[in-house]
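Grab a coffee and pull up the model. Below are some short exercises, each with a worked solution.

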Amino acid sequence: MDELVSDALLALGTVQWGLPYGIANRTGQPRAQEVSEMIDLARASSITTLDTARAYGESEAVIGRVVGDDPSFQVVTKTDPGILEGAPSEREAVGRLLESLATSRALLGRRLDTVLLHRPEQRVALGGAVWDALVEERERGNVDRIGISALSPEDAFAGLEDPNVTVMQVASSLLDRRLHEQGFFKAAQARGVEVHVRSVFLQGSAFLPSDALPPGLAPLAPSIRLLDELAEGLEVPRPVLFWAWARELGASRLLVGCERVDQLQEHLRWFKDASIIRLAVRRTADLLPELGADVLDPSQWS
């Protein structure tokens, strides 16, 4: 792995606060008290970014109730993914965008810090009308920063070509090394684009035993077994390997989603422990088999 170490910070993903989410999630949505305790721990641990979206069920409303306009936190939200459903006219699509922003603003109870288009096609559809409207909202001071949530490496590189994209969320992990291998993170740094990495654990699949993977994810098993051998040799839990890889990517934020405060405590320990095993993880990553998009892209999971 090339030298691209950054001072990436943890950010708290909140999809679990609004929906039962993740194939390793066994407890569902947390109660309000649990969320409050996670927020307190995040604040005490210098986590200052919360990630949410219109599509995350009650997540924005939960943040609004528990965090509100607390300046200790920056909130990243995403537009309604259904803005383009039903082949709307430009006017209808822009109206849906503005409605999405207004709803997010009302539920969060704060000015919008960062807004990402939840679907990358929203940036270019209808002659770019939706994206132009979001740019205008930023220029009017209604949104601080704007960008996209990329679903594929192709989306991510296309986003770098747009000077108005200043923040981008991408998926990357020790199992999904495509963006690193294609030089995306170096290119984003050169462009001055802030990158937030989601799916560091491939939506929870990295926590499952190799013999308990769903049938469609069976191709992950050889990688999981190899990583378990490394983790045993290093005397660390398997997730520490994933944090060690992610910390070196050159991203600005690394998202972690939790349903319980003890999970966040555990991730904070793993994140710290990851700093001392980076070289060993780099070497093992080169031995992991390449995997197809049908395994690496959760939108293709059946």
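The exercises go from the whole chain down to single residues, and the model they use is a predicted one.

**Exercise 1. Work out whether the chain is as compact as a globular protein of its length.**

Solution.
- Start with the secondary structure: the chain has 13 helices and 8 strands.
- Next, take the radius of gyration, which is 19 Å. The globule rule gives 19 Å for 302 residues, so the chain is as compact as a globular protein of that length.
- For the dimensions, the C-alpha atoms fill a box of roughly 55 × 40 × 35 Å along the principal axes.

**Exercise 2. Describe burial, contacts and surface for the chain as a whole.**

Solution.
- Burial: 53% of the 302 residues count as buried.
- Contacts: take those with a separation of 6 or more, and 76% of them join residues 24 or more positions apart.
- Surface: about 13,100 Å² is exposed, with carbon and sulfur atoms supplying 48% of that.
- Charge: there are 31 positive and 44 negative side chains, and the centres of these two sets sit 3 Å apart.

**Exercise 3. Check the length of helix 11 against the expected value, then find what its buried residues pack against.**

Solution.
- Helix 11 covers residues 261-273, which is 13 residues.
- From first C-alpha to last it reaches 19 Å, close to the 18 Å expected at 1.5 Å a residue.
- Now pick out its buried residues: V261, Q263, L264, H267, W270 and F271.
- Those residues pack against two strands and two helices, namely strand 1 (9-13), strand 8 (253-257), helix 2 (32-44) and helix 10 (238-246).

**Exercise 4. Is L241 buried or exposed, and what does L241 touch beyond its sequence neighbours?**

Solution.
- Place it first: L241 belongs to helix 10, one of the elements that the buried residues of helix 11 pack against.
- With a relative accessibility of 0%, L241 counts as buried, because the cut-off is under 20%.
- Skip the neighbours within four places in sequence, and the contacts of L241 are L174, L227, L230, A231, L234, V236, I277 and V281.
- Zoom in on one of them: L230 is 11 residues from L241 in sequence and 8.5 Å away in space, C-alpha to C-alpha.

**Exercise 5. Do the same for S59: where does S59 lie, and which residues is S59 in contact with?**

Solution.
- S59 lies in helix 3, which spans residues 59-66.
- Its relative accessible area is 0%, so S59 is buried.
- Leaving out neighbours within four places in sequence, S59 is in contact with T14, G18 and T52.

Definitions and conventions
Residues numbered from 1 in each chain as written. Predicted model: local features only at pLDDT ≥ 70, side-chain atom pairs only at ≥ 80, totals over all residues. Heavy atoms only, no water. Helix = DSSP H or I, 4+ residues; strand = E, 2+ residues; numbered from the N terminus. Rg over C-alpha atoms; globule rule 2.2 N^0.38 Å. Buried < 20%, exposed > 50% of the residue type's maximum accessible area, 1.4 Å probe, protein only. Contact = heavy atoms within 4.5 Å. Areas by Shrake-Rupley, 256 points an atom, 1.4 Å probe, with all protein chains shown as cover. Lys, Arg positive; Asp, Glu negative; His and termini not counted. Charge placed at Lys NZ, Arg CZ, Asp CG, Glu CD. Expected span 1.5 Å × (residues − 1).
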